[in-house]
Structure formats: structure tokens, C-alpha cells
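Q: I have a structure open and do not know how to read it. Can we go through it feature by feature?

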Amino acid sequence: MSSTVLFDNGNHKNILLEDFGTKTAVQANQHLIIHDGEGMILDPGGHKIFNKVAATLTNCLGGGKLRYIFLSHQDPDIVAAINAWLMTTEADAYVSVLWERFIPHFGLDKLVVNRLKPIPDEGMILEM
């Protein structure tokens, strides 16, 4: 597993999580943004790479907390493991209101469905 720090000013980092070794699936570009110990993962990926991505994320956070999961769209290469992310973290997931109704098709459990939040068409600000 590899991660590449693209930016680090001491309290704010952007880390590219890459090379999850699956030859049979589309490689998504997972990014982890960490600000003052809180993290946001962008497009975390599917089931086959969940354990590897989660382990790498935990290592990169170094005791920090995952606060947000950002889903840029509904395709399985970036969102198929969303139920696992919501069941194993306290993070909220954000997706465009356009794609919000597609996400439950990936098996979103009723215990976490309220943590899938729509992003309105005009956008929004997530504080970190």
C-alpha cells in the first residue's frame, strides 16, 4: 500500500492513497485530507479494497478522527463500500443530492442511513 503526501503545512495535509493492488477493478483516486487531526476521505472505493484503505487511513490519521466521507458520484468504484465505512466509523457521508437516492442500492443499513447527507446543487461548506 502506498500513500503520497501531496501537501503538508504542519496542520493540514492532502494525501493520495494509491496502489491497492486490484487488477480486476477500476482504481479510484482516494484522497485523505487531514486538518488539525480530523480527516475527510474522498471517494473511498469498493468492497475489495475497503480493508486496505481503512488500514492506510488509520495509519495516516495517527490517532485522529475520520469526520467526513465525500462521494463525488454514485459509481461502485468509489462508493460500493459506503455501508462498511458508515458502520465502522462515526463519519458522515456527503454526496450530491442528485446521487443521494442511488447510494442505498449498495446495501446501506437502516442504522446508518441518516448519516448519508445530501449536498445541495448550490454546494456547501464542510468545516474542518
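**Reading strands, a helix and a core**

A: Start with a facing pair: Asn 14 stands opposite Ile 33 in strand E3. Keep in mind that this is a predicted model.

Q: How many bridges join E2 to E3, and do the strands run parallel or antiparallel?

A: Look at the direction of each strand, then at the bridges. E2 and E3 are joined by 6 bridges and run antiparallel. E3 also pairs with E4, in the antiparallel sense, over 5 bridges. There, Leu 32 has Ile 41 in E4 as its bridge partner.

Q: Why is E3 described as largely enclosed?

A: Count the buried residues in the strand. In E3, 5 of the 6 residues are buried, so the strand is largely enclosed by the rest of the structure.

Q: What happens to the backbone in the hairpin of E3 and E4?

A: Check the residues between the strands, and their phi angles. This hairpin has 2 residues between its strands, and Asp 36 takes a positive phi near 50°. Asp 36 is not a glycine. Its place is the loop between E3 and E4.

Q: Is Asp 36 buried or exposed?

A: Compare its accessibility with the cut-off: exposed means over 50%. Asp 36 has 54% relative accessibility, so it counts as exposed.

Q: Which residue in the loop between E4 and H1 can I set beside it?

A: Take Asp 43, which lies in that loop between E4 and H1. Its phi is positive too, near 50°, and Asp 43 is likewise a residue other than glycine. Now check the burial. Asp 43 has 13% relative accessibility and counts as buried.

Q: Where do I find parallel pairing?

A: Go to E5 (residues 65-71) and E6 (residues 92-96). These strands run parallel, with 4 bridges between them. Leu 71 stands opposite Val 95 in E6. Then step on to E7 (residues 116-119): E6 and E7 pair in the parallel sense, over 4 bridges. Ala 93 has Leu 116 in E7 as its bridge partner.

Q: What does Leu 71 touch away from its neighbours in sequence?

A: Skip the neighbours within four places and list what remains. Leu 71 is then in contact with several residues, including Asp 43, Pro 44, Ile 78, Ile 82, Val 95 and Leu 116.

Q: How long is helix H1, and what span is expected?

A: Go from the first C-alpha to the last. H1 has 12 residues and reaches 16 Å, close to the 16 Å expected at 1.5 Å a residue.

Q: Which residues of H1 are buried?

A: Mark them on the helix and see where they point. They are Phe 50, Val 53, Ala 54, Thr 56, Leu 57, Cys 60 and Leu 61. These residues cover an arc of only 165° around the axis, so they sit on the same side of H1. On the other side of H1, Asn 51, Thr 58 and Asn 59 are exposed.

Q: What do the buried residues of H1 pack against?

A: Follow that side outward. The buried residues of H1 pack against E1, E2, E3, E4, E5 and H3. Just after H1, look at the backbone again: Gly 62 takes a positive phi of about 50°.

Q: How many aromatic pairs are there?

A: Look for rings whose centres lie within 6.5 Å. The count comes to 3 aromatic pairs. One of them is Phe 50 with Trp 85, edge-to-face, at 4.9 Å centre to centre and 80° between the planes. This pair links distant parts of the chain: Phe 50 is in H1 and Trp 85 in H3, 35 residues apart.

Q: Are the two partners, Phe 50 and Trp 85, buried or exposed?

A: Apply the cut-off again: buried means under 20%. Phe 50 is buried, at 13% relative accessible area. Trp 85 is buried as well, at 1% relative accessibility. Apart from residues up to four places away in sequence, Phe 50 touches Ala 81, Ala 84, Trp 85 and Thr 88.

Q: Which residues touch the most other members of the largest nonpolar core?

A: The general idea is that nonpolar side chains tend to be buried together in soluble globular proteins. Here the largest nonpolar core has 29 residues, and Ile 69, Leu 71, Ile 82 and Trp 85 touch the most other members. Elements giving two or more residues to this core include E2, E3, H1, E5 and H3. The largest share, 6 residues, comes from H1.

Conventions: Residues are numbered from 1 along each chain as its sequence is written. This is a predicted model: local features need pLDDT of at least 70, side-chain atom pairs count only at pLDDT 80 or more; totals for chains, interfaces and linings use all residues. Side-chain values use heavy atoms; hydrogens and water are left out. Rings of Phe, Tyr and Trp (its six-membered ring) pair if their centres lie within 6.5 Å; planes under 30 degrees apart count as stacked, over 60 as edge-to-face and the rest as tilted. Buried means under 20% relative accessible area, exposed over 50%, partly exposed in between (1.4 Å probe, protein chains only). Two strands pair if DSSP finds at least two bridges between them. A nonpolar core is a set of buried Ala, Val, Leu, Ile, Met, Phe, Trp, Tyr and Cys residues joined through side-chain atoms within 4.5 Å. Contact means heavy atoms within 4.5 Å. The expected span of a helix is 1.5 Å times one less than its number of residues. The arc is that of the directions from the helix axis to the C-beta atoms.
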